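This report describes selected local features of a single protein chain. The sequence and the structure are shown first, and the findings follow by topic.

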Amino acid sequence: MGRIGVDLYPLTTGVSLAEADTFGKFLGGSPANVAVAAARLGRRVALITRTGADPFGAYLRSELRGFGVDDRWAGEVQGLSTPLAFCEVFPPDRFPLYFYRHPKAPDLEIAAHEVDLEAVRAARVFWMTGTGLSEEPSRSATLAALEARAKSGTTVFDLDWRPTLWREKPGPHYEQALARATVAVGNPEECEIATGESDPHAAARALLAAGVELAVVKRGPRGVLAVHRDGTVAEVPPVPVDVVNGLGAGDAFGGALCHGLLAGWDPERAVRYANAAGAIVASRLACSSAMPYPAEVEEVLGRAGGV
């Protein structure tokens, strides 16, 4: 559940937007990309979101269906435009992102009474993001979905801190969501926003104290830390890769993490698999269309000595 938009990325790396003259058009938005990533791995997935009633919105719904994601809950909002995001690609570690979501993104117009709570309760995994808490009515709708889950199955809170998309302090809203989730996923900066702790181990402990069962801290080139309430700790090293565009790696990680948790894997195996999926997408330009298939992830794991 959450944001969707059109990604417009220069087809030439190492140039500014001012210099770029050719762009690729892709489905984007972190929750939408996570949905695509899970579908690529063979999972049955649906996305709760909204687009504008415009050609870009039609394009996104068509893309969702093409990727195998159920779009029945991807409605239109009259009077608002489908969001765009532009990226500058400067490998290996600089990817400035520019959001065009004004005056308001349609995906923030999801109202609580519009959410199919029966379907939300029935899902084995429910994924929501911090951006969905940034404004009403999306905030109330997201919290209503979390309440309906009542910590059943796997309920993932992707901390997803995007400061340009917030107009107020996120702390109280993050606190409410953490109390209702079973898994939290974020990088050290996002963990600090949610808990006040940026050290990975301290952040993981703080996330568990806030209510989740599994805390996953993504540390970029330092790998991933996963800590379960039962005391299990997994520290997974990074997968070496020549980075082309790092923006979609976290979404590939998310979809693959869902896949592993659905399969009943232990945290270390699930995170190791997710780490490999993220590395694959970091080596490619696009996000959604770059999401890997199982054989690709298994090949990378085999080269890295994973299981």
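## A negative surface patch

E192 has a relative accessible area of 41% and is therefore partly exposed, since the class lies between the 20% limit for buried and the 50% limit for exposed residues. The model is a predicted one. E192 belongs to helix α6, which spans residues 188-195.

Together with E189, E197 and D199, E192 forms a negative patch on the surface. Membership in such a patch requires over 30% relative accessible area and no salt bridge; the 41% computed for E192 is in keeping with the accessibility part of that rule.

## Aromatic pairs and a cluster

The number of aromatic pairs comes to 7. One of them joins W166 and Y174, whose ring centres are 5.9 Å apart. The angle between the two planes is 55°, and the pair is classed as tilted; planes would have to be under 30 degrees apart to count as stacked and over 60 to count as edge-to-face.

Are the two partners of this pair buried or exposed? W166, with a relative accessible area of 9%, is buried, and Y174 is likewise buried at 0%. Both residues also belong to one aromatic cluster, in which they are joined by F157 and W161.

## Positive phi angles after helix α4

Which residues in the loop between α4 and β10 have a positive phi without being glycine? A150 has a phi of about 50°, and K151 has a phi of about 60°. Neither A150 nor K151 is a glycine. The loop that holds A150 leads from α4 to β10, a strand covering residues 154-158, and K151 is placed in the loop between these elements as well.

The two residues fall into separate accessibility classes. A150 reaches 60% relative accessibility and so counts as exposed, the cut-off being over 50%. K151 has a relative accessible area of 32% and is therefore partly exposed.

## Cis peptide bonds

A cis peptide bond links P91 to P92, with omega at about 10°. P92 is located in the loop that runs between strands β7 (84-87) and β8 (97-100).

Another cis peptide bond is found between E136 and P137, where omega is about 0°. P137 lies in the loop between strand β9 (125-129) and helix α4 (138-149). Helix α4 thus borders two of the loops described here: the one that contains P137 and the one that contains A150.

Note on methods. Residues are numbered from 1 along each chain as its sequence is written. This is a predicted model: local features need pLDDT of at least 70, side-chain atom pairs count only at pLDDT 80 or more; totals for chains, interfaces and linings use all residues. Side-chain values use heavy atoms; hydrogens and water are left out. Helices (H or I, at least four residues) and strands (E, at least two) are DSSP runs, numbered from the N terminus. Buried means under 20% relative accessible area, exposed over 50%, partly exposed in between (1.4 Å probe, protein chains only). Patches are made of residues with over 30% relative accessible area and no salt bridge: like charges are joined within 9 Å, nonpolar side chains (Val, Leu, Ile, Met, Phe, Trp, Tyr) within 5 Å. Accessible areas come from the Shrake-Rupley method with a 1.4 Å probe; for residues, only the protein chains shown count as cover. A salt bridge is a side-chain nitrogen of Lys or Arg within 4 Å of a carboxyl oxygen of Asp or Glu. Lys and Arg count as positive and Asp and Glu as negative; His and the chain ends are not counted. The place of a charge is taken as NZ of Lys, CZ of Arg, CG of Asp or CD of Glu. Rings of Phe, Tyr and Trp (its six-membered ring) pair if their centres lie within 6.5 Å; planes under 30 degrees apart count as stacked, over 60 as edge-to-face and the rest as tilted.
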